[in-house]
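User: I would like to go through this protein chain with you and learn how each label is earned. Could you set the values against the definitions for me?

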Amino acid sequence: MKRLLITGAAGGLGRVMRDQLAPMAEILRLSDISDMGEARPNEEIVQCDLGDEAAVASLVEGCDAILHLGGVSVEQAFEPILNANIRGVYNLYEAARAHGHPRIIFASSNHTIGFYKQDQKLTPDMPMQPDGLYGVSKCFGEAMASLYFNKFGQETAIIRIGSCFEEPLNHRMLSTWMSAADFTDLIGRCFTVPRLGCPIIWGVSDNDTVWWDNSAARYLGWRPKDNSEKFRAMLDAREAVPDKDHPLSVYQGGIYTQDPIMK
Ligand SMILES: NC(=O)c1ccc[n+]([C@@H]2O[C@H](COP(=O)([O-])OP(=O)(O)OC[C@H]3O[C@@H](n4cnc5c(N)ncnc54)[C@H](O)[C@@H]3O)[C@@H](O)[C@H]2O)c1
């Protein structure tokens, strides 16, 4: 790849992918609303707000592929979600349409389906059940990906990320955890598979307890290698397993199902 755009480059996953994906492209174009530090030799830094249509149009110009991590990543009030995750995604897809349809990876979330119970096994074709405004905004992003694929042939990998942190932060995340190494490998597959289409992929490692069936994405050749079980003893020692009636034990979206609509 000549130029790969990473949005949300100042964030938790963006900082990891800035290092991991450097060999994948001649130039990394990094973007965020926050400070990203100095550009390294193969990098271009563009600070901009995803809600700014003109800025996003020039951000996307000249890019062969986009890893879209930018935006509000937790439950918040509607206004910031509207700007970054609704307007921002619209701006990104319109910019991609104007500039040759670079392949997009859209960082969606398990919070699109958070109200399913943990004893349900999900396939990507099951209806969304978002657990908050953040989850609703990710449903919107998935719908935009679908619209632009069907109308214009724009390819997007919709990755419903579970929990991509160094280690699971609680017992629920033993089911949702994805290692950075597995995520990096998945990104590589999505950018290099000859025909991507517009799949929904569960972003989860090869954990013993998973709620999500990824068989529809087998054509990507992605086989996650990590398993959260190695963290179970550490979690058991640190905290009690939540009561079986606790939202963390009942719902796939965990505690997000209990959040108020924030003002
Ligand atoms: N980390 C996870 O486990 C996880 C799980 C599910 C989904 N995701 C999704 O993956 C992406 C990255 O997650 P993360 O954990 O790195 O989140 P993060 O909050 O650390 O990073 C998001 C970045 O987006 C930037 N941003 C916010 N509003 C913006 C705007 N208006 N314009 C430009 N940039 C803006 C922030 O400054 C931040 O650096 C997010 O889209 C998130 O919803 C992450």
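**How the labels are earned**

Analyst: Happy to, and Ser31 is a good place to begin. Leaving out residues up to four places away in sequence, Ser31 touches Leu5, Ile6, Thr7, Gly8, Ala9, Met36, Val46, Cys48 and Leu59, where contact means heavy atoms within 4.5 Å. Ser31 belongs to strand S2 (residues 27–32). Its C-alpha atom and that of Leu5, 26 residues away along the chain, are separated by 7.5 Å.

User: Before we go on, what kind of model is this?

Analyst: This is a predicted model, in which local features need pLDDT of at least 70 and side-chain atom pairs count only at pLDDT 80 or more, while totals for chains, interfaces and linings use all residues. Residues are numbered from 1 along each chain as its sequence is written, and side-chain values use heavy atoms, with hydrogens and water left out.

User: Thanks. Why is Ser31 called buried?

Analyst: Buried means under 20% relative accessible area, exposed means over 50%, and partly exposed is in between, with a 1.4 Å probe and protein chains only. Ser31 has 3% relative accessibility, so Ser31 counts as buried.

User: And what makes Glu75 buried?

Analyst: The relative accessible area of Glu75 is 8%, so Glu75 is buried. Glu75 sits in the loop between strand S4 (65–68) and helix H3 (78–98). Setting aside neighbours within four places in sequence, Glu75 is in contact with Gly132, Leu133, Tyr134, Tyr256, Asp259, Pro260 and Met262. Glu75 and Gly132 are 57 residues apart along the chain, with 6.6 Å between their C-alpha atoms.

User: Why is Asn214 called partly exposed?

Analyst: Asn214 has a relative accessible area of 21%, so the label is partly exposed. Asn214 is placed in the loop between strand S7 (200–203) and helix H7 (232–238). Not counting residues up to four places away in sequence, Asn214 touches Ile201, Trp202 and Trp222. From Asn214 to Ile201 the C-alpha distance is 6.5 Å, at 13 residues apart in sequence.

User: How do you know that Ala181 is partly exposed?

Analyst: Ala181 has 48% relative accessibility and therefore counts as partly exposed. Ala181 lies in helix H6 (residues 180–192). Ala181 and Met17 are 164 residues apart in sequence, and their C-alpha atoms are 9.9 Å apart in space.

User: What is the phi of His101, and what exposure label does this residue get?

Analyst: His101 has a positive phi of about 55° although it is not a glycine. Its relative accessibility is 29%, so His101 counts as partly exposed. You will find His101 in the loop between H3 and strand S5 (103–109).

User: How many helices and strands does the protein chain have, and why is it called as compact as a globular protein of that length?

Analyst: The protein chain has 8 helices and 7 strands. Its radius of gyration is 18 Å, close to the 18 Å that the globule rule gives for 263 residues, so the chain is as compact as a globular protein of that length. The radius is taken over C-alpha atoms, and the rule is 2.2 Å times the number of residues to the power 0.38. Helices (H or I, at least four residues) and strands (E, at least two) are DSSP runs, numbered from the N terminus. Of the 263 residues, 52% count as buried.

User: Last one: what makes two rings an aromatic pair?

Analyst: Rings of Phe, Tyr and Trp (its six-membered ring) pair if their centres lie within 6.5 Å; planes under 30 degrees apart count as stacked, over 60 as edge-to-face and the rest as tilted. By this rule the count comes to 7 aromatic pairs. Ring pairs link Tyr93, Tyr148 and Phe152 into a cluster.
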